[in-house]
Amino acid sequence: MTIVSSIRKLALLGTVLLGSCLDKHAPPAAIRIRWAHDPETLAPLALQNQSAMDASNLMYLSLLQVNSKPLSIEPALAEQLPEVGPRGDSLTTFRYTIRPNAAWDDGRPVTAADVACTLKLMSCPGIPNEISRNNYSRIRQIELNPANSRQFTLVCQGQSPELLLISGDFFILPEAVLDPQHRLRSYSLPALQRWPATRPPDSALAAVARQYQAADLANHPEHAPGCGPYRLARWEKDRYLSFRSKPNWWGKATTGLPLALQARAPQLDYLIIPNASAAALALRRGDLDVFPQVPAADFNRFSTNPSADVRLYASDSYDIALAGFNTKRPALADALTRQALSRLFDTAGLLRGTQQGRGQRTAGLVPPFDRTNYNDSLRPVPYHPAAARALLLQAGWQPPTAGQPGWRRASSRGEQKLQLAVRYRSSDELFATAALQFRAAATSLGIAVELRPTESALFGKALADGDFDIFMRTLHGNPFAVNFAPLLHSGTSSETNSTRFGNPACDQFIDAVATANDSPQRVRQLRQLQALLQQQAPLVPFFFLANRVAARRDCQGLYVSSLKPGFVAPTIERTAAAASR
């Protein structure tokens with residue numbers, strides 16, 4: 001069977017499965033959107049991938065919302081942007097007031113106590129919320145206003161501009177459901193944040209952890225419904241998720257809401273279609289309405305074979321494709337070895353071959369189109385196998401010989417062998433291609449490489465467990481925060497720091513960037529950090545991806561932008577529905 005015929009059969013199978021998974025009772029106005037893989041978990045404080053984030057953004061609300069049109073930070077649950085002020089020379093305060101009509105589905109108001117409970121759940125021992133704990137660790141205290149149950153002040157470490165988004169970019173959960181006995185009110189946020197990892201929770205905290213775990217929000221978000229505009233109506237794992245707008249949602253009577261909270265679509269159906277060719281065929285047949293993150297080849301086919309029923313959109317994005325090293329592996333613990341292996345990735349060739357040249361190569365984690373922060377004195381790491389070999393020799397490795405295959409070097413713990421296991425999501429064609437290219441280059445030097453394509457549901461666990469030598473994935477960024485601490489700081493856990501990288505000089509720069517209140521000084525430190533990271537090479541940046549979206553022509557209101565997921569789902573309407581408004 002040829003590769004072409006195999007792809008066609010997969011595409012046909014995908015459309016057959018698509019037809020079987022559609023909700024036969026869906027109203028005509030339902031908007032059907034493609035996801036490449038299942039969200040896996042919908043626990044709002046432990047989201048693993050972009051699909052999970054997209055789903056949670058429909059059900060839950062944060063204090064602030066990033067808006068795409070115009071590109072700005074706007075109040076969501078907050079009545080307005082917070083009052084910001086310094087406290088001493090190292091802290092910043094954010095005084096928030098929650099919208100007066102914000103309410104949970106049972107009619108109870110959303111209050112500052114819900115915000116406090118959410119922050120404490122992030123740090124409560126016995127609850128596996130490490131991702132949120134790391135991302136929002138700079139929120140050091142919450143001070144409630146006894147005269148106003150909707151008002152509170154957050155005290156954050158540092159005085160940098162990005163603290164605004166950090167202070168309000170987390171989903172608020174209902175205290176009445178997750179801590180009905182108000183046990184967490186007896187603990188301050190700093191006390192929970194300082195709780196030693198080796199110290200077991202006391203009886204009260206253990207009870208909170210049991211109640212939270214029993215809610216099983218990962219699989220049943222309806223057990224703690226959010227105050228967002230949609231509810232999860234149905235979820236069939238690896239097939240589809242259906243969200244329906246709440247008929248009496250409090251936000252419908254609120255003016256000035258960000259775009260993402262303007263729930264115009266009565267129903268959003270997310271269809272899990274791993275195969276891109278199947279998704280493209282479904283779009284052409286009218287079985288799908290929106291196809292985000294369209295692969296370059298399919299996008300070009302749509303462009304060269306225009307259809308009256310399909311409209312194409314494109315923009316820059318803050319998504320970066322990269323590879324990372326497990327720096328806790330003895331063979332990968334030194335920078336010279338990582339530098340050598342970095343030169344076996346043909347990022348320029350991958351950009352041409354997998355993205356049709358659409359996208360931007362980069363020397364670091366800051367996008368090149370961010371002219372203020374990007375270190376333009378650096379150049380992307382070149383593809384150079386000869387230089388890789390020279391660096392391996394410099395790192396003390398001995399090349400293969402007739403009687404001794406593979407690269408080896410002596411160490412205080414015995415002989416090391418350079419044998420690499422490469423992990424990536426099996427459904428991602430970009431990284432499947434990158435893995436094959438890397439293996440070919442490594443093999444030409446005599447380096448043994450084992451490819452381990454991994455199902456999406458197991459990929460995150462493999463990274464958290466350190467079951468890899470090299471991983472490849474896409475990271476999602478935004479223009480309002482440059483925070484490398486979760487990714488690369490020695491003080492963060494493997495839940496976010498997949499490389500297990502820790503370097504005192506890098507830590508110092510990361511902390512300095514996070515706390516700097518002087519913009520020129522912050523830019524200098526950020527540029528120095530990029531140079532140091534390229535020298536240390538815990539990651540190999542490939543390129544920033546272009547955002548490509550294809551949609552049925554009768555759908556309008558996508559507001560395509562550089563922000564994930566690349567468009568605004570709740571504002572999509574069919575032309576006929578829009579005309580009746």
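**View 1. Two charged side chains sit over tryptophan rings.** In this predicted model, the charged end of arginine 199 is perched over the ring of tryptophan 195, 3.7 Å from the ring centre. Lysine 237 does likewise with tryptophan 235: its charged end sits over that ring, 4.6 Å from the centre. For a charge to sit over a ring here, NZ of Lys or CZ of Arg has to be within 6 Å of the ring centre and within 35 degrees of the ring normal. Residue numbers start from 1 along each chain as its sequence is written, and side-chain values use heavy atoms, with hydrogens and water left out. Since this is a predicted model, local features need pLDDT of at least 70 and side-chain atom pairs count only at pLDDT 80 or more, while totals for chains, interfaces and linings use all residues.

**View 2. Tyrosine 318 meets phenylalanine 369 edge-to-face.** The count comes to 13 aromatic pairs, where rings of Phe, Tyr and Trp (its six-membered ring) pair if their centres lie within 6.5 Å, and planes under 30 degrees apart count as stacked, over 60 as edge-to-face and the rest as tilted. In this pair the centres are 5.2 Å apart, with 75 degrees between the planes. Tyrosine 318 is in the loop between strand E12 (310-315) and strand E13 (319-325), and phenylalanine 369 is in the loop between strand E14 (359-361) and helix H13 (385-394), so the pair ties together parts 51 residues apart in sequence. Helices (H or I, at least four residues) and strands (E, at least two) are DSSP runs, numbered from the N terminus. Tyrosine 318 is buried at 14% relative accessible area, whereas phenylalanine 369 is partly exposed at 26%. The cut-offs: buried is under 20% relative accessible area, exposed is over 50%, and partly exposed is in between (1.4 Å probe, protein chains only).

**View 3. Phenylalanine 345 and phenylalanine 542 make a tilted pair.** Their ring centres are 5.3 Å apart and their planes 45 degrees apart. Phenylalanine 345 comes from the loop between helix H11 (335-342) and helix H12 (347-355), while phenylalanine 542 belongs to strand E20 (residues 539-545), so the pair ties together parts 197 residues apart in sequence. Phenylalanine 345 is buried, with 1% relative accessibility, and phenylalanine 542 is buried too, with 0%. Zoom out a little and there is one aromatic cluster made of Phe345, Phe431, Phe438, Phe542 and Phe543.

**View 4. Salt bridges link several parts of the chain.** The count is 24 salt bridges, each being a side-chain nitrogen of Lys or Arg within 4 Å of a carboxyl oxygen of Asp or Glu. Take glutamate 143 and arginine 87, whose closest N and O atoms are 2.9 Å apart. Glutamate 143 sits in strand E6 (residues 139-144) and arginine 87 in strand E4 (residues 83-87), so this pair ties together parts 56 residues apart in sequence. Glutamate 143 is partly exposed at 31%, as is arginine 87 at 35%. Arginine 138 and glutamate 162 meet in another salt bridge, 3.0 Å from N to O. Arginine 138 is in the loop between helix H4 (130-135) and E6, and glutamate 162 is in the loop between strand E7 (151-157) and helix H5 (163-168), 24 residues apart; both are buried.

**View 5. Arginine 285 pairs with aspartate 287.** The closest N and O atoms of this salt bridge are 3.4 Å apart. Arginine 285 is exposed at 51% relative accessibility, but aspartate 287 is buried at 19%. In a separate look at charged residues, Arg32, Asp289, Asp554 and Arg574 are linked in a network of salt bridges.

**View 6. Threonine 254 makes a polar contact with asparagine 101.** Threonine 254 is in the loop between strand E9 (240-245) and strand E10 (267-272) and is buried at 16% relative accessible area. The two side chains come within 2.7 Å in this contact. A polar contact is a pair of N or O atoms within 3.5 Å; within protein, one must be able to donate a hydrogen and the other to accept it, and residues adjacent in sequence count only if both atoms are side-chain atoms. The backbone oxygen of tryptophan 250 also lies 3.5 Å from a polar atom of the threonine 254 side chain.

**View 7. Leucine 365 and its contacts.** Leucine 365 lies in the loop between E14 and H13 and is buried at 16% relative accessibility. Leaving aside neighbours within four places in sequence, leucine 365 is in contact (heavy atoms within 4.5 Å) with residues including Ile320, Leu322, Phe484 and Phe544.
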